[in-house]
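Let's take a friendly walk through the aromatic rings of this protein. Have the structure open beside you and follow along.

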Amino acid sequence: MGLLEEFWHHKYWLPPGATWEDMKESADIRYPKPQDLLLCIPGALILIIVRYIFERTIALPLGRRLGVSNRPRPKAQPNATLEDFYNLVGRTPKEGDLISLAKQNDLPVKKVEAWFRHRRAQDRPRLMKKFCEASWRFIFYFTSFFSGLALLYDVSMVSHCLSLVLQPLLPALGWFYLLELSFYCSLVATLPFDVKRKDFKEQIIHHIATITLIFVSYCANLIRFGMIVMLVHDASDYILEVSYPHIEMLIYSLVCDPRLSGSETAPSKGKKEARITLISVVYKKSNKSQ
């Protein structure tokens with residue numbers, strides 16, 4: 001038995017008592033095939049294009065309408081020596097490195113330290129970029145959750161695992177699975193260009209594990225159980241995107257800003273103070289989460 005045949009042996013993929021022969025297709029009955037998931041490659045590319053269009057035509061104008069603005073940041077003065085150290089050695093030089101760089105450039109240590117601080121600030125992601133990314137994920141999770149609920153509303157479920165894997169594939173469930181797989185593949189593809197968070201490595205592990213579970217559950221025809229698991233996750237994911245610190249700040253701004261709420265009267269002094277306090281707290285919270 002070859003390696004490929006051993007890999008696809010039914011004892012690894014199906015419950016005891018079931019074989020691939022039990023899942024033969026006919027004119028009216030169709031079962032999942034691993035090659036179906038190859039469509040996730042063009043699907044991921046399409047989602048990346050849709051995301052780009054969404055962020056430029058919807059999320060960006062919406063953010064401007066809600067008052068999202070990038071905080072002004074001081075620019076580091078051009079300096080080839082310091083730039084080379086920043087790119088090749090590290091973004092946060094030690095005290096000895098600061099003294100050495102200060103002597104090389106005939107600058108005070110404080111100015112060298114300030115240069116690195118400003119240079120790090122330039123590389124931090126902008127507020128508008130965070131807003132656009134959070135908006136895209138919110139729209140997808142929100143749509144996939146409620147569309148998945150609608151698809152599962154009339155789908156029959158069985159409790160016995162052997163009967164479950166022998167259920168035919170419904171086209172709507174197959175396309176939903178392909179959509180979810182394409183979305184997570186697109187997230188992996190755009191990770192190097194998205195806002196880099198502290199849990200970057202954990203994100204990669206999470207996405208790869210999710211893709212693996214979707215692939216395995218599809219091949220084993222555990223699509224109905226898999227959809228329930230994905231819906232449970234999507235139900236909390238879109239709420240987490242709404243609770244993103246900058247979204248919280250914008251929601252509160254909508255309440256307190258008379259220009260955005262439609263009221264011409266100026267907000268009270270208490271509301272102004274509360275708004276300033278919330279914005280400062282949320283901004284510190286978002287910086288810590290980066």
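Start with Phe54, which is buried in this predicted model, since its relative accessible area of 13% falls under 20%. Trp136 is buried as well, with a relative accessible area of 7%.

Now look at how rings pair up. A pair of aromatic rings is described by how far apart the centres are and by the angle between the planes. With centres required to lie within 6.5 Å, the count comes to 15 aromatic pairs. Phe54 and Trp136 make one of them: their ring centres are 5.8 Å apart and their planes meet at 55°, so the pair is tilted. That label follows because 55° is neither under 30 degrees, as stacked would need, nor over 60, as edge-to-face would need. Phe54 sits in helix α3 (residues 40–65) and Trp136 in helix α7 (residues 127–152), so this contact ties together parts that are 82 residues apart in sequence.

Stay with helix α7 and move on to Phe146, which lies in that helix, while Tyr238 lies in helix α11 (residues 223–242). The rings of Phe146 and Tyr238 have centres 6.1 Å apart and planes at 50°, so here too the pair is tilted. Because of where the two residues lie, the pair links parts that are 92 residues apart in sequence.

How buried or exposed are Phe146 and Tyr238? Phe146 is partly exposed, at a relative accessible area of 38%, whereas Tyr238 counts as buried, at 14% relative accessibility.

Finally, widen the view around this pair: Phe146 and Tyr238 belong to one aromatic cluster together with Phe138, Phe142 and Phe145.

Technical notes
Residues numbered from 1 in each chain as written. Predicted model: local features only at pLDDT ≥ 70, side-chain atom pairs only at ≥ 80, totals over all residues. Heavy atoms only, no water. Phe/Tyr/Trp six-rings, centres within 6.5 Å; stacked < 30°, edge-to-face > 60°. Helix = DSSP H or I, 4+ residues; strand = E, 2+ residues; numbered from the N terminus. Buried < 20%, exposed > 50% of the residue type's maximum accessible area, 1.4 Å probe, protein only.
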